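Biologist: I am new to this structure and would like a close look at a single part of it. Could you take me through one residue and its surroundings, and then go on to the aromatic rings and the nonpolar cores?

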Amino acid sequence: MQPERSYWTDRTVGVVGGTGFLGRHLVQQLHALGANVRVLGLPPRQGGTPALPQGVAFVPGDVRERALVARAVADCSAIFNVAGPVGASGPSIEEIHDAAIRHVVDAAWLHHGLRRDGVSRHEYH
């Protein structure tokens with residue numbers, strides 16, 4: 001089954017955890033389908049920005065920062081959460097998952113509550 005290109009073309013899509021293994025592949029596919037992709041992810045350890053397709057917006061940061069997550073997913077009509085822990089030390093997968101889910105859903109509901117453009121539904125993936 002192939003994704004419907006017309007559905008994704010020019011749609012603003014947020015990918016939380018878009019610099020990780022799974023996220024990079026998702027970002028590439030969404031970008032290839034014509035989506036306007038915005039990635040929230042950890043910056044590379046050596047500094048700079050991650051290797052993302054040209055035109056993909058990058059918001060560096062941690063999913064445990066509520067305001068940052070809200071900014072990263074603002075105005076997105078679809079949000080993918082693929083955030084996970086990095087390395088053997090640091091926060092647990094439960095802590096990352098819990099923070100990401102809480103902050104992404106909070107931001108999506110806030111955005112939905114403030115919309116006045118007649119949009120009748122939002123899709124959360």
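Modeller: Let us start with Asp 62, which in this predicted model is buried, because its relative accessible area is 16% and buried means under 20%. Asp 62 is found in the loop between strand E3, residues 57-60, and helix H3, residues 66-73. The side chain of Asp 62 is joined to that of Arg 64 by a polar contact of 2.7 Å. When its neighbours within four places in sequence are left aside, Asp 62 is in contact with Leu 42, Leu 68 and Val 69.

From this loop we can turn to the aromatic rings. A pair of aromatic rings is described by the distance of the centres and the angle of the planes. A search of the whole structure finds 2 aromatic pairs. In one of them, Tyr 7 and Trp 8 meet edge-to-face, with 4.8 Å from centre to centre and 85 degrees between the planes. Trp 8 also pairs with Phe 80, and this pair is tilted, at 6.0 Å centre to centre and with 40 degrees between the planes. Trp 8 lies in helix H1 (residues 5-8) and Phe 80 in strand E4 (residues 78-81), so the pair ties together parts that are 72 residues apart in sequence. Tyr 7, Trp 8 and Phe 80 form one aromatic cluster, and Arg 11 lies over the face of Tyr 7, at 3.9 Å from the ring centre.

As for burial in this cluster, Tyr 7 counts as partly exposed at 26% relative accessibility, whereas Trp 8 is buried with a relative accessible area of 10%, and Phe 80 is likewise buried, at 16%. Leaving out residues up to four places away in sequence, Trp 8 touches Pro 3, Val 13, Leu 30, Leu 33, Gly 34, Ala 35, Ala 78 and Phe 80.

That brings us to the nonpolar cores. In soluble globular proteins, nonpolar side chains tend to be buried together. The largest nonpolar core here has 15 residues, of which Trp 8, Val 13, Leu 30 and Val 37 touch the most other members. Two or more residues of this core come from each of strand E1 (12-16), helix H2 (21-32), strand E2 (36-41) and strand E4, and H2 gives the most, with 3 residues. A second, separate core has 14 residues, among them Val 63, Ala 72, Ile 96 and Ala 100.

Conventions. Residues are numbered from 1 along each chain as its sequence is written. This is a predicted model: local features need pLDDT of at least 70, side-chain atom pairs count only at pLDDT 80 or more; totals for chains, interfaces and linings use all residues. Side-chain values use heavy atoms; hydrogens and water are left out. Rings of Phe, Tyr and Trp (its six-membered ring) pair if their centres lie within 6.5 Å; planes under 30 degrees apart count as stacked, over 60 as edge-to-face and the rest as tilted. Buried means under 20% relative accessible area, exposed over 50%, partly exposed in between (1.4 Å probe, protein chains only). Helices (H or I, at least four residues) and strands (E, at least two) are DSSP runs, numbered from the N terminus. A charge sits over a ring if NZ of Lys or CZ of Arg is within 6 Å of the ring centre and within 35 degrees of the ring normal. A polar contact is a pair of N or O atoms within 3.5 Å; within protein, one must be able to donate a hydrogen and the other to accept it, and residues adjacent in sequence count only if both atoms are side-chain atoms. Contact means heavy atoms within 4.5 Å. A nonpolar core is a set of buried Ala, Val, Leu, Ile, Met, Phe, Trp, Tyr and Cys residues joined through side-chain atoms within 4.5 Å.
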